[in-house]
Amino acid sequence: MLVEYIPIAILFIVATAIAVLVITLGAIFGPKRKSFRKMSPYESGMMPIGPGTRRMSIRFYLVAVLFILFDVEVIFFYPW
């Protein structure tokens, strides 16, 4: 009865092996020389002014959740 699940198990094993292989190859052959500019938080090379994070209003998250909710509803109404 579990024979039907063997292809799914093989798929998960192959996907995990590929992910581990890619991460390992990136760690082995990737660039290792660190400099101040590479470690800075911005790619422009400019020093940041002020903190890197800001407090955001809860309204931003509410609008985002409502957008996703109504977007999904529209997708389900389309075939109707």
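**Exercise 1.** Which residues make the nonpolar surface patch of about 540 Å²?

*Solution.* In this predicted model, the patch is made by V3, I6, I10, V14, I18 and V22. To place one of these residues, take V14, which belongs to helix 1, spanning residues 6-29. A general point helps in reading the list: an α-helix has 3.6 residues a turn, so residues three or four places apart point the same way. As a last step, consider the cover of V14: its relative accessibility is 42%, and because partly exposed residues lie between the limits of 20% and 50%, V14 is placed in that class.

**Exercise 2.** Work out how the rings of F60 and Y61 are arranged, and how far each residue is exposed.

*Solution.* Begin with the count, which is 1 aromatic pair in the structure. The ring centres of F60 and Y61 are 5.4 Å apart, and their planes stand at 80 degrees, so the pair is edge-to-face; the cut-off needed for this step is that planes over 60 degrees apart count as edge-to-face. Turning to accessibility, F60 has a relative accessible area of 46% and is therefore partly exposed, while Y61, at 44%, also counts as partly exposed.

**Exercise 3.** Describe the secondary structure of the chain and state where confidence is lowest and where it is highest.

*Solution.* The chain has 3 helices and 0 strands, which gives the pattern α-α-α when it is read along the sequence. The mean pLDDT of the chain is 84, with 79% of its residues reaching 70 or more. Confidence is lowest in helix 2 (residues 36-39), where the mean is 68, and highest in helix 1, where it is 96.

**Exercise 4.** Compare the span of helix 3 with the expected value, and then examine how far the helix and the chain are covered.

*Solution.* Helix 3 runs over residues 58-77, and its 20 residues reach 29 Å from the first C-alpha to the last, close to the expected 28 Å. Helix 3 is hardly covered, with 0 buried residues among its 20. For the chain, 1% of the 80 residues count as buried, and of the roughly 8,600 Å² that the chain exposes, carbon and sulfur atoms supply 75%.

Note on methods. Residues are numbered from 1 along each chain as its sequence is written. This is a predicted model: local features need pLDDT of at least 70, side-chain atom pairs count only at pLDDT 80 or more; totals for chains, interfaces and linings use all residues. Side-chain values use heavy atoms; hydrogens and water are left out. Patches are made of residues with over 30% relative accessible area and no salt bridge: like charges are joined within 9 Å, nonpolar side chains (Val, Leu, Ile, Met, Phe, Trp, Tyr) within 5 Å. Accessible areas come from the Shrake-Rupley method with a 1.4 Å probe; for residues, only the protein chains shown count as cover. A salt bridge is a side-chain nitrogen of Lys or Arg within 4 Å of a carboxyl oxygen of Asp or Glu. Helices (H or I, at least four residues) and strands (E, at least two) are DSSP runs, numbered from the N terminus. Buried means under 20% relative accessible area, exposed over 50%, partly exposed in between (1.4 Å probe, protein chains only). Rings of Phe, Tyr and Trp (its six-membered ring) pair if their centres lie within 6.5 Å; planes under 30 degrees apart count as stacked, over 60 as edge-to-face and the rest as tilted. pLDDT is the predictor's confidence in each residue, from 0 to 100. The expected span of a helix is 1.5 Å times one less than its number of residues.
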